[in-house]
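Here is a short walk through a protein structure, written to be read with the model open beside it. Please load the view and follow along.

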Amino acid sequence: MNLDKFLFLLSTIRITDILDIFIVSFVFYKLFSLIKGTRATQLIKGILFIFIGAKLSEYLKLYTISWILNNAVTVGFIAILIVFQPELRRVLEHIGNNKLLKPVNFETSRSNIRVLDEITKATFSLADKKIGALMVLERKTGLRDIIETGITLNSEISYELLMNIFIPNTPLHDGAVVISNEHIVAASCFLPLTDNKEISMELGTRHRAGIGISEKSDAIVIVVSEETGYVSICEKSKINRNVTKQYLLNYLVENFVVEEKNTNSLKEIFQNLFENKEISNDNITKEEIKEEVKKEIIEDIKEEVNEIVENQGDKIVKKD
């Protein structure tokens, strides 16, 4: 009999019911993953405690406590909107950052490879000298509110300019640099700090600021530690520490360089066919760019080694 009831219940389940359960489960999973490690976890525990206390007081007929707790739960729904304001904003920002809701950007091209190379060279020069730095590379999410906290520059990106900005005891060295559309938009910007309690205590304010802005936007953040000289990458609330020069450049190429497609018109294609000419193909894939990057890095290392050898040779000659 019980088996018959069970089979009857199974027969009433529709595909839309399964889909409905799956969507709700996925939404709850994403919500919990977003608030994990934040103050919202403790607040939820407090709300659950009040709710359980209200039910227990009703069962035990503690009328005064029951009245207080029931009214607290009723008013609590309005209080939740105020108390959970940062977490609700974070959830909405996460939904807005979803790739499905974003227009496709065709403006980025291989023209910014030089820019990425300049950023990488400046980053590791600062790291070698153990000079702290914080660079925010804007993507789809606008950072106007962050830019407004700093000093507007709108300058072209160069190795020399980035080095000068982060040199200690200069007017712009304190704070973050925001980079957008191949320009240094602003410097000395203030970034929000992360509230994540699971982050290592070894990380200081600079790293926490990098993680903080990566929680609220889709930006890629480069952090240089002034204590260790390590270079770290922050993205999507996560931090990847002590990356190499080649890794950083490949990472930036992967995220900011779009492979250009052949833009020959139909007319040009037919002309080339009749004139027995090969269709021009200037496309360069990301893998080819990475190979070029590797060669440039090896050449830079060779130059640095040669300079060291020459300096050591000059010292030996002087001693003799």
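The report below goes from the overall picture to a strand, a surface patch, two loop residues and the salt bridges.

Please keep in mind throughout that this is a predicted model.

**Overall picture**

The protein has 12 helices and seven strands. Of its 320 residues, 33% count as buried. About 22000 Å² of the protein is exposed, and 60% of that comes from carbon and sulfur atoms. Looking at contacts between residues at least 6 apart in sequence, you will find that 63% join residues at least 24 apart.

No disulfides turn up in a search of the whole structure. For two cysteines you may like to check, C189 is buried at 2% relative accessible area, and C234 is buried at 0%.

**A covered strand**

A good place to turn next is strand β1, which spans residues 133–137. Five of its five residues are buried. In a regular strand, side chains alternate between the two faces of the sheet. In β1, both faces are covered: A133, M135 and L137 lie on one side, L134 and V136 on the other, and all are buried.

Which strands pair with β1? One is β5 (residues 220–224), which pairs with β1 in the antiparallel sense over five bridges; here V136 stands opposite V221. Another is β3 (residues 176–180), paired with β1 in the parallel sense over three bridges, with M135 opposite V177.

**A nonpolar surface patch**

From the covered strand, let us move to the surface. A nonpolar patch there is formed by L19, F22, I23, V24, F26, V27, F28, Y29, L31 and F32, which together have about 1000 Å² of accessible area. One of these residues, L31, is found in helix α2 (residues 15–35). L31 is partly exposed, with a relative accessible area of 34%; patch members need over 30%, so L31 meets that cut-off.

**Two loop residues with positive phi**

Most residues other than glycine have a negative phi. N169 has a positive phi of about 65°. N169 sits in the loop between α8 (159–166) and β3 and is exposed, at 77% relative accessible area. N181 also has a positive phi, near 50°. The loop between β3 and β4 (183–189) holds N181, which is exposed at 64% relative accessible area.

**Salt bridges**

How many salt bridges does a search of the whole structure find? There are five, and the table gives some of them, including the N to O distance.

| Salt bridge | N to O distance |
|---|---|
| R139 and E235 | 2.7 Å |
| E148 and R144 | 3.2 Å |
| R241 and E202 | 3.5 Å |

R139 and E235 form a salt bridge. R139 lies in the loop between β1 and α7 (144–147) and E235 in strand β6 (residues 231–235), so this pair ties together parts that are 96 residues apart in sequence. R139 is partly exposed at 29% relative accessible area, whereas E235 is buried at 12%.

In the salt bridge between E148 and R144, E148 is exposed at 55% relative accessible area and R144 is exposed at 65%.

The side chains of R241 and E202 also meet in a salt bridge. This pair links distant parts of the chain, 39 residues apart: R241 is in the loop between β7 (238–240) and α10 (245–256), and E202 is in the loop between β4 and α9 (205–216). R241 is partly exposed, at 35% relative accessible area, while E202 is exposed at 63%.

How values were computed
Residues are numbered from 1 along each chain as its sequence is written. This is a predicted model: local features need pLDDT of at least 70, side-chain atom pairs count only at pLDDT 80 or more; totals for chains, interfaces and linings use all residues. Side-chain values use heavy atoms; hydrogens and water are left out. A disulfide is a pair of cysteine sulfur atoms within 2.5 Å. Buried means under 20% relative accessible area, exposed over 50%, partly exposed in between (1.4 Å probe, protein chains only). Helices (H or I, at least four residues) and strands (E, at least two) are DSSP runs, numbered from the N terminus. Contact means heavy atoms within 4.5 Å. Accessible areas come from the Shrake-Rupley method with a 1.4 Å probe; for residues, only the protein chains shown count as cover. Patches are made of residues with over 30% relative accessible area and no salt bridge: like charges are joined within 9 Å, nonpolar side chains (Val, Leu, Ile, Met, Phe, Trp, Tyr) within 5 Å. A salt bridge is a side-chain nitrogen of Lys or Arg within 4 Å of a carboxyl oxygen of Asp or Glu. Two strands pair if DSSP finds at least two bridges between them.
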